Amino acid sequence: MKNGEGSDYCRELLAYLNNYIHTHFKNEEEFLYNIKYDKNNEHKIQHDKFKDDIARIAVEFDKETIDVVSQVRFNLFVKNWWMHHIL
C-alpha cells in the first residue's frame, strides 16, 4: 500500500482466494464428510459464507477503485478468516 500497489495486491489476492476456495473447500468438505466429522454442517456454512463474502468483494472491486480503506478492510477480512477459521 505504501508503494501504491495495494490495489493490485488486493486484486491478486482476491483471484487467488477465489480459485483456492472452490478447490480447497470442496476437497475439505468431502474429507470431513468421509470421516463423519460431527460439525461438518456448521463448517460448510462457514465456507458458504466465506464464498459469498468473496463474491460480494469481487463485485465491489470490479465496480470501483480499491481505495486504501477497502484495502485495509479486505486485508483484515482475510486475516480474520485465517485467525478464526484456519487456526
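**Exercise 1.** Determine which helices help to cover the buried residues of α2, and which residues of α2 those are.

*Solution.* The cover over the buried residues of α2 includes α1 and α3, where contact means heavy atoms within 4.5 Å and helices are DSSP runs (H or I, at least four residues) numbered from the N terminus. The model is a predicted one, in which local features need pLDDT of at least 70 and side-chain atom pairs count only at pLDDT 80 or more, while totals for chains, interfaces and linings use all residues. Residues are numbered from 1 along each chain as its sequence is written, and side-chain values use heavy atoms, with hydrogens and water left out.

The residues of α2 that are buried are N40, H43, H47, F50, D53, I54, I57 and F61; buried means under 20% relative accessible area, exposed over 50%, and partly exposed in between, with a 1.4 Å probe and protein chains only. An α-helix has 3.6 residues a turn, so residues three or four places apart point the same way.

**Exercise 2.** Compare the span of α2 with its expected value.

*Solution.* Helix α2 has 24 residues, and from its first C-alpha to its last it reaches 35 Å. The expected span is 1.5 Å times one less than the number of residues, and for α2 the 34 Å expected is close to the value found.

**Exercise 3.** Describe the surroundings of H43.

*Solution.* H43 has its place in helix α2, and its relative accessible area of 15% makes H43 buried. Leaving aside residues up to four places away in sequence, H43 touches E28, L32, Y37 and H85.

**Exercise 4.** Classify the ring pair of F61 and F74, and locate its two members.

*Solution.* Searching the whole structure gives six aromatic pairs, a pair being rings of Phe, Tyr and Trp (its six-membered ring) with centres within 6.5 Å, counted as stacked when the planes are under 30 degrees apart, edge-to-face when over 60 and tilted for the rest. F61 and F74 form an edge-to-face pair, with 5.4 Å centre to centre and 80° between the planes. This pair links distant parts of the chain, since F61 belongs to helix α2 and F74, 13 residues apart from it, to helix α3 (residues 68-86). F61 counts as buried at 5% relative accessibility, and F74 is buried at 2%.

**Exercise 5.** Establish where K36 lies and whether K36 is buried or exposed.

*Solution.* K36 lies in the loop between α1 (6-34) and α2 (40-63). Its phi is near 60°, a positive value in a residue other than glycine. With a relative accessible area of 69%, K36 is exposed.
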